[in-house]
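This report walks through a few features of one protein chain, taking strands and charged side chains in turn. Please keep the sequence and the structure in view as you read.

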Amino acid sequence: QVQLVESGGGLVQPGGSLRLSCAASGSIFSTHAMGWYRQAPGNKRELVADISSGGITNYADSVKGRFTISRDNAKNTVYLQMNNLKPEDTAVYYCNGRFTTFRGTRDFWGQGTQVTVSS
């Protein structure tokens, strides 16, 4: 099994910044793509950004130019630097990763961390 633990959420004013972190642990043979999703009340969960094992990144149009995803492969950790935050960024942010364990390759999810952008 793989555990994903997120940290870094909180309350921030519009225009502010937050940095989310997600550390994976467990019986991991290899780590593939990792990413961040978010879900606001009444909305579907949506992709925010993801990053391949080789460092190729992909962003939702709504966050391009404001958010940056990165990873530390040695630590099995993915980060999301969020700048110029807007009220519409308010959501629960979930970490996702695809891992190979002795049971095969599958996706795992973190428990979520709340990000609230409000004055």
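Is R66 buried or exposed, judged by its relative accessibility? In this predicted model, R66 counts as buried because its relative accessibility is 8%, and buried means under 20%.

## A salt bridge between two loops

The side chain of R66 forms a salt bridge with that of D89, at 2.8 Å from N to O. R66 lies in the loop between β6 and β7, whereas D89 lies in the loop between β8 and β9, so the pair ties together parts that are 23 residues apart in sequence. D89 counts as buried, with a relative accessibility of 0%. Both residues also belong to a network of salt bridges that links them with R38 and E46.

## Other salt bridges

The count of salt bridges comes to five. One of them joins D61 to K64, with the closest N and O atoms 3.1 Å apart, and D61 is exposed at a relative accessible area of 65%. Another is formed by the side chains of D107 and R98, at 2.6 Å from N to O; D107 counts as partly exposed at 29% relative accessibility, and R98 counts as partly exposed at 42%.

## Strands β7 and β8

Along β7, which covers residues 67-72, the side chains alternate: F67, I69 and R71 point to one face and are buried, while T68, S70 and D72 point to the other face and are not buried. This strand pairs with β8, residues 77-82, in the antiparallel sense over six bridges, and I69 stands opposite L80 in β8. Four residues lie between the two strands of this hairpin, where N76 takes a positive phi near 50°.

Conventions
Residues numbered from 1 in each chain as written. Predicted model: local features only at pLDDT ≥ 70, side-chain atom pairs only at ≥ 80, totals over all residues. Heavy atoms only, no water. Buried < 20%, exposed > 50% of the residue type's maximum accessible area, 1.4 Å probe, protein only. Pairing = 2+ DSSP bridges. Salt bridge = Lys/Arg side-chain N within 4 Å of Asp/Glu carboxyl O.
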